[in-house]
Amino acid sequence: MAISARGLNRSTLARQLLLEREPLDVVDAVRRVVALQAQQHASPYLALWNRIDGFDPAALDAALAERRLVKATLMRVTLHMVDAEDFGVFREAMEPTLRSSRLGDARFRASGIGPEQAAGAVAGLLEYAGSSRADAEARAWTAERLGVPLETSAWRMLRQYAPLWHAPTGGPWSFGPRHTWAGPGTPPRLTDPEAADAGLRALLLRYLAGFGPASVADMARFTTVARGRVKAAVRALGPAVEELEGPEGTVLLDVPGAPRPDEDTPAPPRLMAMWDSVLLAHADRGRVIPPAYRSEVIRVNGDVLPTLLVDGRVAGVWRAVDGGIEATAFHALPERVWERLAAEAVSLTALLADRDPLVYRRWDHWWARGFPAAATRLLPA
């Protein structure tokens, strides 16, 4: 079976709840979309506002406070929000990558702490963090246990490797600038290669269900797992996945029975969060980001700006300003699209009003540098 580039776009949007908002519980929604990239505190809230019909930010506050949803270093060695019940298997899948990238980092190796010492410290740290611990407290405890001073960079590598959860600290988006750590209810298995392989197979199936159809390169990019491990996992999945032919003959994989809407299915305009996962989940980001716009929305330092999604693809950027949402389109948009974006802006500013009306303002310097704008409009609250 073959699938077009536009068909790929619509399949991914459907699975990411971006063709139509659905009346879901926040935990169910996060499970459906696999994970939400979460290094910016507001972004999971805005991501779910784009996907859930009647989204209530207080529901996400509660799910995080009750640890039904958790934030931790996972795929792409960055922060993701996931269902607490998914955390263990996802972390087991990521173990080889996290071990090599964090404990193998030159900044950690310079500390003189060996892998076995680190593993022992991590096991104790998870128990110590059974009650939430402030970052300085956890660092001091770990340094004392290891018997060596922990420089800032070495501690950062170790805590990113440790399967710790970020404990909510309050504020408008549940987390603030000061880290507080919590140990997971059931620690993942970090020394069991079979657990890592089984975890990767489970993660790839979930990835295909949430972002597919996709290639081996896409799966490797989403996870930052070595391509050889991904290929071995795909082979082991056997008939649990099916093969499709993508654009230019690309071999794609998918979960049998997963939704693949007609390529002409309408895709409503959206005001996407910074670092929204749908922009970063594939090796070929042209599925959602036109190549000409990629450098405008994914900056050289890795910042991924809040975007306008029009007909399923990035068409510009937006920012919150006094009075509403300033939307910059990279190409001309029909008036009916502007009207729908204006309606989205009214909903978004209502969400932001009680939390952070000028969300993402620290990234305004990118606007000072300018964009290739076809039109810029203030969409009033």
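## Reading the angles and the model

Axes here are lines fitted to C-alpha atoms, for helices over the stretch in contact, and the angles between N-to-C directions run from 0 to 180 degrees. With that in hand, let's walk through the structure, bearing in mind that this is a predicted model.

## The five-stranded sheet and helix 14

Helix 14, spanning residues 335–353, lies across strand 9, strand 10 (307–310), strand 11, strand 12 and strand 13, and runs at about 45 degrees to strand 13. The strands beneath this heading form an open sheet of 5 strands in the order 9-10-11-12-13, with antiparallel pairing. Its edges are strand 9 (270–271) and strand 13 (375–380), each of which pairs on one side only.

Inside the sheet, 6 bridges join strand 11 (residues 313–321) to strand 12 (residues 324–329) in the antiparallel sense. To find your place in the pairing, look for tryptophan 318, which stands opposite alanine 327 in strand 12.

## The three-stranded sheet and helix 5

There is also an open sheet of 3 strands, with the order 1-3-2 and antiparallel pairing. Strand 1 (36–37) and strand 2 (69–73) each have a single partner strand, so one side of each is left without a neighbour in the sheet. Strand 1 and strand 3 (residues 79–83) run antiparallel and are joined by 2 bridges; here glutamine 37 stands opposite histidine 80 in strand 3.

Helix 5 packs on this sheet and touches strand 2 and strand 3. The direction of helix 5 makes about 140 degrees with that of strand 3.

## Aromatic pairs

The structure holds 12 aromatic pairs. One of them joins phenylalanine 87 and tryptophan 165 edge-to-face, at 5.7 Å centre to centre and with 80 degrees between the planes. Phenylalanine 87 belongs to helix 5 (residues 84–103) and tryptophan 165 to strand 5 (residues 165–166), so this pair ties together parts that are 78 residues apart in sequence. Buried means under 20% relative accessible area: phenylalanine 87 counts as buried because its relative accessibility is 2%, and tryptophan 165 is buried with a relative accessible area of 9%.

Tyrosine 360 and tryptophan 363 make another edge-to-face pair, 6.1 Å centre to centre with 75 degrees between the planes. At 6% relative accessibility tyrosine 360 is buried, and tryptophan 363, at 8%, is buried too. Ring pairs link Tyr360 and Trp363 with Trp275 and Trp318 into a cluster. Trp318 is the residue already met opposite alanine 327 of strand 12.

## Charges over rings

Two arginines are worth a look here. The charged end of arginine 21 sits over the ring of tryptophan 49, 4.9 Å from the ring centre. The charged end of arginine 133 sits over the ring of tyrosine 128, at 3.9 Å from the centre of that ring.

## Helix 10 against helix 12

Two packed helices are described by the angle between their axes and the distance between the axes. For helix 10 (residues 193–211) and helix 12 (residues 227–237), the angle is about 80 degrees and the axes are 9 Å apart. Angles of 65 to 115 degrees count as roughly perpendicular, so helix 10 is roughly perpendicular to helix 12.

Which residues make the contact? On helix 10 they are Ala196, Asp197, Leu200, Arg201, Leu204 and Leu205. Helix 12 contributes Arg229, Val230, Ala233, Val234, Ala236 and Leu237.

Definitions and conventions. Residues are numbered from 1 along each chain as its sequence is written. This is a predicted model: local features need pLDDT of at least 70, side-chain atom pairs count only at pLDDT 80 or more; totals for chains, interfaces and linings use all residues. Side-chain values use heavy atoms; hydrogens and water are left out. Two strands pair if DSSP finds at least two bridges between them. Helices (H or I, at least four residues) and strands (E, at least two) are DSSP runs, numbered from the N terminus. Contact means heavy atoms within 4.5 Å. Rings of Phe, Tyr and Trp (its six-membered ring) pair if their centres lie within 6.5 Å; planes under 30 degrees apart count as stacked, over 60 as edge-to-face and the rest as tilted. Buried means under 20% relative accessible area, exposed over 50%, partly exposed in between (1.4 Å probe, protein chains only). A charge sits over a ring if NZ of Lys or CZ of Arg is within 6 Å of the ring centre and within 35 degrees of the ring normal. Angles under 35 degrees count as roughly parallel, over 145 as roughly antiparallel, 65 to 115 as roughly perpendicular and the rest as oblique.
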